[in-house]
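Trainee: Could you walk me through this structure, one question at a time? I am new to it and would like to learn how to read it.

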Amino acid sequence: MPYQGDNMLRVRRNNRSAALRMLHERGSLSRKRLAESLGLTPAAITKIVGEMIAEGLVSEGMALKGEGAGRREVMVELSVRSRAALGLFINLRQAILSAVWLDGTVIFSEELTLSPGAPADETVRSLCARLLTLAREHVLERDRLLGIGVAMRGVASEDGRVVRNSYSALDTLDYPLCARVEELTGLKCLMSNNVRALFAAQMFLSRDRDLRSQFFVRCEVGIGASFAIGDEIWLGSSGQCAEIGHIPVVRRGGKPCSCGKSGCLETVASPSALVRDARELLEKGEAELLRRICERRGVRPGLEEVFEAACGGDAAVAALVDRAVEALGGALRGVVYTLDPGKIVLYGALFDNPYYLSRLLAELREGVDASHAVPVEKSRLNHQLEDRAAPLLVVERFLACGGMSE
């Protein structure tokens, strides 16, 4: 096991980081309360806060009313609009360009449509140009920009600089995305898998870092997941921890998966799998209620029509939904018994439907003893993280470094 001591620069950075995070989570505190909360001396906090006020990171607010004639405590708070971060969220068929302040407040957000297997270099060049244009339009001065975060579908290299495989979002393998973004923009780039970025944003904005561990599941087109111990997302030995969407659940005759295998959980339980299988039922002349719903609305089956038909008594469609619920529920029970997380957070459109969500929660209660009754909840920030996840990668790193250069 490698060991590393702390030099004075690292101690200073860690103390500054702790103070910034505390102000982010609490809103505002006096120097005295900040020192007590962090276990630092008043002199140390006075020096740290003085430095950050001079840098424009922290500002003084109102003075607290005190008893007697002594000096009143002055509140200090994070200057959330002193810095901003830009972001690119790149998914299959979609890109979101955005910027946030230090507290995660969105400055701007623009969604663009991408073609599947979009040409990597052309796409990145176009997205970077548009992102810089939006930053100028919103008068974000260059010296206030911390960098660009990229939340990318797929698998990244160990150093987080190269997209190894985007699973058809871009048309190439081993694309040096961070280096290209830095070359095109002149700004430092940080990259993460899109689901991990969403989970990091969830933790940053919900401020529930006191949990020992959390498991985050996202179901949109496919199924993605991420696992955190404390406030640190666990990557695993190959950087692919929590890839439950690609657990094999069908041994023979399974549908092909975007990962190159067949019979993965994603091919049975994802939103796209549910819609695909429902359309196959219609082609076979089955699912009569689903057919009538779609004809009345003049649409092809989507998630809304699938759940309405299942809830309305269409036995064939209900069986599809039950199969998906059982598969995802079984995978999550494995997570419960293997990782024992403090909470499971559900994120995505799939969990908005009461019919589906109630069946999944019931499935998760089956076969789980009381000692493993992990709280499962739909994210309170459902559908609110896509335009924040990428830029918050940069904000999080900035706070972790105490507002200092790495």
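Trainee: How many bridges join β2 to β3, and do the strands run parallel or antiparallel?
Mentor: Happy to start there, in what is a predicted model, where local features need pLDDT of at least 70, side-chain atom pairs count only at pLDDT 80 or more, and totals for chains, interfaces and linings use all residues. Residues are numbered from 1 along each chain as its sequence is written, and side-chain values use heavy atoms, with hydrogens and water left out. Helices (H or I, at least four residues) and strands (E, at least two) are DSSP runs numbered from the N terminus, and two strands pair if DSSP finds at least two bridges between them. For β2 and β3, the direction is antiparallel and the number of bridges is 4.

Trainee: Which residue in β3 is the bridge partner of glutamate 60?
Mentor: β3 covers residues 74-78 and also pairs with strand β1 (residues 28-30), antiparallel over 3 bridges. From β1, leucine 29 has valine 76 as its bridge partner. For glutamate 60, the partner in β3 is likewise valine 76.

Trainee: Glutamate 55 caught my eye; which residues does it contact beyond its neighbours within four places in sequence?
Mentor: Glutamate 55 sits in the loop between α3 (42-54) and β2 (58-63). Its relative accessibility is 33%, so it counts as partly exposed; buried means under 20% relative accessible area, exposed over 50%, and partly exposed in between, with a 1.4 Å probe and protein chains only. Contact means heavy atoms within 4.5 Å, and with those sequence neighbours set aside, glutamate 55 touches Arg16 and Arg83.

Trainee: What is the order of the 5 strands in the open sheet?
Mentor: The pairing in this sheet is mixed. β13 and β15 stand at the edges with a single partner strand each, so one side of each has no neighbour in the sheet. Written out, the order is β13-β12-β11-β14-β15.

Trainee: Which residue of β13 is the bridge partner of alanine 228?
Mentor: Strand β12 (residues 223-229) pairs with β13 in the antiparallel sense, over 2 bridges. Within that pairing, alanine 228 has as its partner isoleucine 233.

Trainee: In β15, which residue is the bridge partner of valine 345?
Mentor: Let's look at both partners of β14. Strand β11 (residues 213-219) runs parallel to β14 over 4 bridges, and phenylalanine 216 stands opposite valine 345. Strand β15 (residues 376-378) is also parallel to β14, with 3 bridges, and there the partner of valine 345 is glutamate 377.

Trainee: Are the residues on the two faces of β14 buried or exposed?
Mentor: Strand β14 spans residues 344-347. One side carries Ile344 and Leu346, while Val345 and Tyr347 are on the other. Both faces are covered, and these residues are all buried.

Trainee: What is the relative accessible area of leucine 265?
Mentor: Leucine 265 lies in the loop between β13 (232-233) and α7 (266-269). Not counting residues up to four places away in sequence, it touches several others, including Ile223, Ile244, Val249 and Leu328. Leucine 265 is buried, and its relative accessible area is 0%.

Trainee: What is phi of arginine 93, and what is it near for valine 139?
Mentor: Most residues other than glycine have a negative phi. Arginine 93, in the loop between β4 (84-91) and β5 (94-101), is partly exposed at 45% relative accessible area, whereas valine 139, in the loop between α4 (120-137) and β7 (145-152), is exposed at 55%. Both have a positive phi without being glycine: about 70 degrees for arginine 93, and for valine 139 near 55 degrees.

Trainee: Stepping back, what is the radius of gyration of the protein?
Mentor: The protein has 13 helices and 15 strands. For 406 residues the globule rule gives 22 Å, and the protein comes close to that, so it is as compact as a globular protein of that length. The radius is taken over C-alpha atoms, and the rule is 2.2 Å times the number of residues to the power 0.38. The value for this protein is 24 Å.

Trainee: And what share of the residues is buried?
Mentor: The count is taken over the 406 residues in the protein. Buried residues make up 50%.
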